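The following exercises invite the reader to examine a structure step by step. Each task is followed by a worked solution.

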Amino acid sequence: MEASVLLPNLLLFAWLLPLASFALILFFGPRMGKAGKGASYVATGAILCSLVLSLSALMVWTGRHGVWFDEHESGSAHAKEGAHESSEKGEPVKTKHAKNEEAAAKNASKAAATTAGKNEYEGNWYNLVGFGKLKLSIGWYIDSLTVIMFVMVSIIASCIHFYSIGYMHDELHEVTDHEVTLADGHHLHRPGRFHRFFQYLSLFCFSMFGIVIAGNIAMVFVFWELVGICSYFLIGFYFERKSASTAANKAFIVNRVGDFGMIIGMCALFGALGTFSFGGKDGIFQQVRPGMVDGDEHGHALRVPDGMVVAAAEKSIAAGQTPDAKQISAWRNSGLGYGLLIVAGLGIFCGCMGKSAQFPLHVWLPDAMEGPTPVSALVHSATMVAAGVYLVGRFYPVFTPEVLLVIAIVGCITLFMAATIAITAVDIKRVLAYSTLSQLGYMMFALGVGGWVAGILHLITHAFFKSLLFMCSGSVIHAVHTNDMREMGGLRKKMPITAYTMLVGCLAIIGAGLPLVAGLSGYYSKDAILAQALLHRDYNKTFAALFYIAAGGAAITAFYMFRLWYMTFSGKPRNHHCYDHAHESPPVMWIPLVVLSFFAIFVATPSLSDFRNPASGPLVNMLEQARPPGTLAAQTGAWAKVTIPDEHGSHHHDYHVPAGLIAFCTAMSGLLLATAIYCWRLVKPEEVKQMFGPLYSFLWGKWWFDELYNLIFVRPVLAIGHAIAELDRLGIDGVINGSARAVMGFSNWFDAWIDRTFVDGSVNFMARKIFGLGLAMREIQTGRLRQYVVLIVVGTVALFLVATFAIAR
Amino acid sequence: MPDLQTIGLSHYLIVGAIMFVCGAVCMATKRNALGVLMGIELVLNGANVNFVAFGSDFLRRNPAYGIGLDGQIIALFVIVLAAAEAAVALAIVLNFYNNHSTVDVDRADELKG
Amino acid sequence: MSWHALEFYFLALMACAFALAVVFAANVVRMAFYLILSLGATAGLFFLAGADFVGAMQLMMYVGGTLVLLVFGVMLTAQGPWVSIRTSGGEWVLAALVGGSLLAVLVPTAMRLDPAPNHEHAAVPGTAHKSENKAPDAKASTEPQTTRPTATRIGLGLIGAPTSGTSGYLLPFEAISIHLLVVLIGAAYLARPKRRARPKLVESDEA
């Protein structure tokens with residue numbers, strides 16, 4: 001069957017199976033087996049089927065398009081590679097100008113290649129509404145990125161489903177929540193919510209797949225919100241705990257801030273372009289980069305779409321100028337509509353910022369660790385938070401260099417800030433949460449500096465090793481029943497599998513590997529990012545700091561990850577009660593760890609034939625297939641003085657080698673420092689803490705962001721709220737109460753005067769008179785029979801007389 | 001004055017009137033319930049006399065006043081009603097006597113206002 | 001003065017006198033006796049007026065039935081002090097005044113019904129021949145029939161066969177039959193011996 005038919009259907013079923021599972025558990029969950037145990041089998045079965053379907057889709061894709069770049073392209077790529085090497089020999093240091101030329105040449109060859117093969121499929125399953133221009137539909141947009149995301153999400157979700165069966169077994173029976181104390185001083189007892197957990201997991205998987213497969217931005221938004229609500233449910237899974245419910249609310253509200261921006265971006269796009277869909281003849285991508293669909297050779301460069309130009313030139317049109325093609329291109333050249341494009345890009349990025357917890361909106365992610373650990377692994381590290389990065393990647397063609405610069409800066413701030421906070425955190429899950437923040441920052445940063453493949457590659461590799469790390473931490477927490485690393489130590493002997501799989505995760509996240517030879521998955525993605533950042537630095541000297549911060553961040557990452565590992569697994573046990581109680585987790589929990597650690601090691605491995613070229617791995621090549629055309633060309637911002645370099649430029653040895661060495665050195669320095677402090681104990685951590693007292697408390701307080709937001713947003717809002725409430729109470733309520741009182745007073749008076757005097761008066765008067773009459777008549781009613789007879793006779797006589805004398809005449 | 005020689009309608013009417021008035025006075029003066037009952041019989045009888053007199057063809061009278069045999073039939077109805085009334089009244093009196101050990105109608109004033 | 005007139009005066013006097021006697025008698029037993037005589041005299045008056053059947057019924061039902069009932073009542077209740085209850089003088093005066101005024105109203109009215117003596121055409125048996133010549137109206141033509149006994153005609157009238165000058169009275173007859181039945185049942189119910197609650201109480205006490 002043709003891939004264009006097969007792929008959407010395979011992915012459709014992979015997408016809808018979790019929904020079916022959700023519906024089943026929703027209605028029959030509590031009746032599934034003992035205490036809802038069957039729910040876990042239903043959900044796990046559904047996600048396993050999704051996994052199989054996703055893998056089939058992957059095979060269909062590779063069968064059609066190959067794992068490698070593209071037949072046509074690979075030839076030219078190799079040719080280019082040759083060209084690189086030759087130029088390297090010829091002139092070791094290239095000028096910027098030369099590079100630009102080269103990029104342009106590459107762009108042209110690439111464009112020629114894309115005309116041959118169609119690299120994405122798009123279409124609609126169902127049209128929801130169509131009002132004039134507005135068309136809402138459930139559609140698909142499938143390229144290799146979609147397929148890879150499907151496979152990645154389903155692999156991790158399957159592992160986590162299995163893991164959760166073991167981790168959540170407490171919920172199978174009545175639960176005593178020791179963190180909730182009721183008013184009567186007892187701990188909360190509640191029925192287990194095992195089935196509910198799997199219900200939410202299924203809904204989450206459905207929503208995540210929905211985001212990935214969505215063919216238009218409106219559909220993305222719908223599933224974006226569904227993912228948000230799943231996150232809300234899962235963070236607040238222990239909703240009896242105050243902290244959990246607050247964290248759930250916080251996550252939800254902070255995400256609303258981001259979504260507001262996203263709606264603005266959607267409005268800008270729809271208002272100007274009149275469509276929501278990505279692909280197609282009049283899709284967003286086609287309008288922004290006309291060459292992307294119709295293969296126009298010169299159309300890959302970013303071009304302000306006609307709709308935006310017209311929208312921006314409203315005044316001129318009102319003045320009588322006709323928006324014909326010539327006029328539009330004149331307007332476009334004068335810069336009209338460019339701002340609107342930036343607004344659209346920034347708006348969409350704003351939504352991604354909320355979902356991916358980027359710098360100003362990052363505060364919800366650490367608190368989200370209140371949820372059960374499998375949730376943290378699946379939702380808050382591997383997939384949902386990656387959705388923001390995914391959307392940036394998906395929307396990449398629309399972003400102007402200015403927007404990309406903003407993305408890079410935000411990502412850079414996030415990665416550095418989160419990394420520093422992670423140094424001082426002692427809660428094992430919080431360390432990982434800040435590490436997640438930091439890595440998400442790396443991804444955004446990578447995308448922002450032009451490393452599309454680097455960023456997405458890091459998204460994939462990070463998903464594997466971060467879910468692995470979280471599940472390991474969950475295994476530890478499950479064993480020692482505390483989150484506090486200061487209570488742990490020496491657990492390596494008790495739970496070796498967890499310890500070594502976690503070590504794999506740590507090595508992967510710091511990007512460990514033999515420089516220039518091979519390494520774990522993180523090695524390749526991080527090197528790619530740093531190389532691209534290095535290239536970016538050369539292009540934009542103004543923003544050179546970005547590269548140094550990112551490189552420094554790598555060192556900090558290594559430090560805090562190994563601090564975590566050493567504090568948890570090595571040394572002597574600090575709390576013997578916890579230590580004695582600890583045990584290795586059951587197989588249902590550690591088997592997923594092993595599976596994931598396999599992926600964490602090998603997911604980005606390059607091909608054996610070209611082992612030393614990090615860009616030769618199957619994953620990288622598949623991602624290259626999905627690369628939005630035109631992004632390979634270096635592009636310069638029209639407003640800001642920034643140039644986004646061509647990504648393939650960073651594959652050059654000039655950048656690749658120094659970046660690899662820098663990454664290795666920074667990671668090793670962080671690793672060595674952590675080892676020195678926490679393993680060899682050359683310096684006591686307490687002394688360091690005292691030495692950097694203010695800095696320590698600054699980091700301990702998480703840069704005081706919560707306090708800052710409290711001061712800037714929460715307090716004023718509360719104050720305004722109180723003021724308005726006071727106004728309401730004193731002013732509006734006063735007026736209303738006053739008028740009510742006045743009306744009441746008036747009616748009381750009216751009642752007393754009119755009612756009593758006239759109405760009651762007349763009625764009472766009549767009643768009194770009739771009563772008196774009755775009393776008088778009562779005297780006649782003697783009850784004496786004979787008197788009545790006399791009266792009858794008298795009456796007869798009277799009638800007679802009347803008849804005789806009055807009527808007869 | 002009516003003609004004393006020829007017995008006419010008015011003679012009968014006068015007799016009926018006297019009996020009626022006697023009955024009424026009897027009802028008004030007798031405290032014995034049975035006396036009252038007898039007064040009623042007298043009143044009814046006085047009325048009956050009138051009916052018969054109006055329906056009689058043997059009396060001197062204005063022919064316009066004649067009601068024929070109807071007068072006698074109505075008189076019969078009155079007699080029957082009187083009998084029925086007497087039966088019920090007697091039952092009431094006996095009941096009253098059982099409850100109050102007296103037949104004095106002045107004692108039966110429980111319905112006074 | 002004809003025998004007819006003499007008989008009338010005798011019977012009328014008897015009826016009125018005994019009616020007055022009923023009024024003035026103090027003893028209830030005597031009252032009953034005077035009433036019998038008064039009603040009997042009235043029956044005589046009915047015969048005189050040509051209403052033979054009504055007169056017979058008067059004797060049979062009033063004198064024979066109703067008054068026997070009354071006498072039973074007297075016998076059942078006339079114990080000791082209740083035989084004669086005196087009435088105060090004031091009431092007598094009041095009753096006399098009222099009765100007198102009623103009489104004063106009724107008697108002149110009765111008098112006025114008397115036709116003027118000059119055009120006398122009343123259907124008096126003795127003068128029948130004369131009046132037949134003078135005024136041959138509808139009444140006069142029916143006169144030969146009036147001499148017959150009335151019982152047959154009354155019976156026919158009651159079962160609904162209208163005879164000359166008489167409408168059918170079947171419906172009132174039926175109504176009065178039902179009435180009589182109801183009255184008898186009601187009377188039996190009212191006069192039934194009361195069941196006392198005392199024996200029951202004693203029983204419950206013993207229990």
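**Exercise 1: The core around one leucine**

Task. Determine which residues A:Leu457 touches, leaving aside residues up to four places away in sequence.

Solution. The model is a predicted one. Beyond its sequence neighbours, A:Leu457 touches A:Tyr524, A:Ser525 and A:Ala528, and likewise A:Ala604, A:Leu619, A:Val620 and A:Leu623. The next step is to place this residue in a wider setting. The largest nonpolar core comprises 249 residues, and A:Leu457 is among those with the most contacts inside it, together with A:Ile156, A:Ala550 and A:Ala600. Helix H20 of chain A, residues 452-480, gives the most to this core, with 18 residues. Apart from this core lies another, of 91 residues, including C:Ala25, C:Ala32, C:Val54 and C:Leu106.

**Exercise 2: Confidence in chain A**

Task. State the mean pLDDT of chain A, and identify where in chain A the pLDDT is below 50.

Solution. The mean pLDDT of chain A is 82, and 92% of its residues reach 70 or more. The stretch with pLDDT below 50 covers residues 70-117 of chain A; beyond near neighbours in sequence, it has 41 contacts in the model. Where pLDDT is low, the predicted coordinates should not be read in detail.

**Exercise 3: A hairpin in chain A**

Task. Describe how strands E3 and E4 of chain A are joined.

Solution. Strand E3 spans residues 175-181 and strand E4 spans residues 187-190 of chain A; the two run antiparallel and are joined by four bridges. In one of the pairs, A:Val175 has A:Arg190 of E4(A) as its bridge partner. The two strands, E3(A) and E4(A), form a hairpin with five residues between them. In the turn, A:Gly185 has a positive phi of about 90°.

**Exercise 4: The architecture of chain C**

Task. Establish how many helices and strands chain C contains, and what share of its residues counts as buried.

Solution. Chain C has ten helices and zero strands. Its pattern along the sequence is accordingly written α-α-α-α-α-α-α-α-α-α. Of the 207 residues of chain C, 29% count as buried. Turning to contacts in chain C with a separation of 6 or more, residues 24 or more positions apart account for 42% of them.

**Exercise 5: Where the chains meet**

Task. Determine how many residues of chain C are in contact with chain B, and how many residues of chain B are in contact with chain A.

Solution. Begin with chains C and B: 84 residues of chain C are in contact with 73 residues of chain B. Several helices of chain C each supply at least two residues of this side, among them H1 (3-24), H2 (28-48) and H4 (89-112). H3(C) gives the most to the side of chain C that touches chain B, with 14 residues. By residue type, that side divides into 57 nonpolar, 19 polar and eight charged.

Next, consider chains B and A: 13 residues of chain B are in contact with eleven residues of chain A. Helix H1 of chain B, residues 9-29, gives the most to the side of chain B that touches chain A, with four residues. The residues of this side comprise seven nonpolar, two polar and four charged.

**Exercise 6: A threonine in a loop**

Task. Decide whether C:Thr87 is buried, exposed or partly exposed, and find which residues it touches.

Solution. C:Thr87 is found in the loop between H3 and H4 of chain C. It is partly exposed, because 17 other C-beta atoms lie within 10 Å, whereas 20 or more would make a residue buried and 12 or fewer exposed. Not counting residues up to four places away in sequence, C:Thr87 touches B:Thr29, B:Arg31 and C:Trp92. Finally, C:Thr87 and C:Ala26 are 61 residues apart in sequence and 9.0 Å apart in space, C-alpha to C-alpha.

Terms used. Residues are numbered from 1 along each chain as its sequence is written. Chains are lettered from A and ligands numbered from 1 in the order in which they are written. This is a predicted model: local features need pLDDT of at least 70, side-chain atom pairs count only at pLDDT 80 or more; totals for chains, interfaces and linings use all residues. pLDDT is the predictor's confidence in each residue, from 0 to 100. Two residues are in contact if their C-beta atoms, placed from the backbone, lie within 7 Å. A nonpolar core is a set of buried Ala, Val, Leu, Ile, Met, Phe, Trp, Tyr and Cys residues joined through C-beta atoms within 7 Å. Ala, Val, Leu, Ile, Met, Phe, Trp, Tyr, Cys and Pro count as nonpolar, Asp, Glu, Lys and Arg as charged, and the others, Gly among them, as polar. Two strands pair if DSSP finds at least two bridges between them.
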